[in-house]
Amino acid sequence: MAPTREQHILDQGLLDAQLELWHHTFSYVKSMALKSALDLGIADAIHRQGGAATLSQIAATATLHPTKISCLRRLMRVLLVSGIFSVDHPRDDGVEGEAVYALTPASRLLVCSASVNMVHITKMLLHTNLVSPFSDLGTWFQHELPEPDLFKLKHGKTFWELADHDPAYNALVNDGMVSDSSFLMDIAIRECGAVFQGIGSLVDVAGGHGGAAQAISNAFPDVKCSVMDLAHVVAKAPSGSDVEYIAGDMFESIPPADAVFLKVRQLVFTILVLRRGATRADACNDYSPSCCCRFNS
Ligand SMILES: C[S@@+](CC[C@H](N)C(=O)[O-])C[C@H]1O[C@@H](n2cnc3c(N)ncnc32)[C@H](O)[C@@H]1O
């Protein structure tokens, strides 16, 4: 028996609702497809072919098992929908040719050899250690604030404690932060470099391995730049540059300098340069936020 018009509208609504739910249920597939593109070096493989490559060229360079080529086509389909890669089917004598995949502005940032790239920070953000805590988000809401944070609930340690205990993870985090800071600071200095003029010394608080401080020091050699961070981070900091590294806890004290630099990166990238007043060098309230840059990113 054919459904009534009212029942048909209700059924269509149910199917639309299920589709909506499935979109959200499987949205992690996009992130995981991006992670596997990074793990396999697909952007590098396309780049090595001059910026456009067929599936078999990608498979050969990305050291895929030959039995997985048809699966690679499906992975590429997800990455095309996400805008990570694009595809063309060049015609030969009116016949549609083999698919040729190309880099997009987003995947150009995944090429390891590119001078501007976001390889390390993307690897860090998609690492299991960061992704897996979100499966316990519901449980976390049932705990009283402030402890444990979501990361500690999963791993038994805070983000920074885990980095302190796991050298490989420490390296992943520090390299990731340098990659993010180098990328953003080039833009920040071009767009609002004036905030650094006239400063004699600057301390980047929680500055990691100095991605930002090094960029400021390169652009403004007269500014004496230092980085303050936790001891396990400073222990592995690069040497042989103008940037000085100081181990400490920012909640206890901050080394004196003309300006304190803070980089905050959430939906909006903000750098805050707090200039010191004329009185006590060690007092936080002697610093005022005289300069601040914000970018949508
Ligand atoms: C998200 S990373 C940012 C690193 C750097 N500012 C950047 O943007 O590239 C946060 C940094 O804060 C450091 N950190 C965390 N707690 C700290 C504390 N109590 N005192 C000093 N540094 C701390 C971490 O070790 C890490 O290097």
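Helices, taken here as DSSP runs of at least four residues in state H or I, are numbered from the N terminus, and this numbering is used below for a model that is predicted. Helix α2 covers residues 28-40, 13 residues in total, and it extends 18 Å from its first C-alpha to its last, close to the 18 Å expected at 1.5 Å a residue. The residue that follows α2 is G41, whose phi is positive, near 65°.

Helix α2 also takes part in the largest nonpolar core, which comprises 26 residues and in which A37, I42, A43, I46 and I58 are the residues with the most contacts inside the core. At least two residues of this core are supplied by each of α2, α3 (42-48), α4 (55-61), α5 (69-81), β5 (100-103), α7 (119-125) and α12, and the greatest contribution, four residues, is that of α3. Because residues of the core are given both by domain 1 (7-112) and by domain 2 (169-296), the core lies between the two domains.

Two residues of the helices in the N-terminal numbering were examined for their surroundings. R48 belongs to helix α3 and, with 16 C-beta neighbours inside 10 Å, counts as partly exposed, since that class falls between the limit of 12 or fewer for exposed residues and that of 20 or more for buried ones. Between the C-alpha atoms of R48 and V95, which are 47 residues apart along the chain, the separation is 27 Å. H24, located in helix α1 (residues 5-25), is exposed because 8 other C-beta atoms lie within 10 Å, and the limit for this class is 12 or fewer. From H24 to R275, 251 residues away in sequence, the distance in space is 45 Å, C-alpha to C-alpha.

The ligand is surrounded by 16 residues, of which the closest are M177, S181, A206, G208 and M250. Two or more residues of this shell are given by each of the elements α12 (167-192) and α13 (211-219), and α12 provides the largest share, three residues. By residue type, the shell around the ligand divides into eight nonpolar, four polar and four charged residues. Helix α12 is thus an element that contributes both to the shell around the ligand and to the largest nonpolar core.

In an unreviewed entry, UniProt lists residues 134-263 as "domain: O-methyltransferase C-terminal". In the model, this span of residues 134-263 is 43% helix and 15% strand, and its end C-alpha atoms lie 25 Å apart.

Definitions and conventions. Residues numbered from 1 in each chain as written. Predicted model: local features only at pLDDT ≥ 70, side-chain atom pairs only at ≥ 80, totals over all residues. Near = placed C-beta within 6 Å. Nonpolar A, V, L, I, M, F, W, Y, C, P; charged D, E, K, R; others polar. Expected span 1.5 Å × (residues − 1). UniProt positions renumbered as here; feature names shortened; annotations may be inferred. Core = buried A, V, L, I, M, F, W, Y, C linked by C-beta atoms within 7 Å. Domains from an automatic or database assignment.
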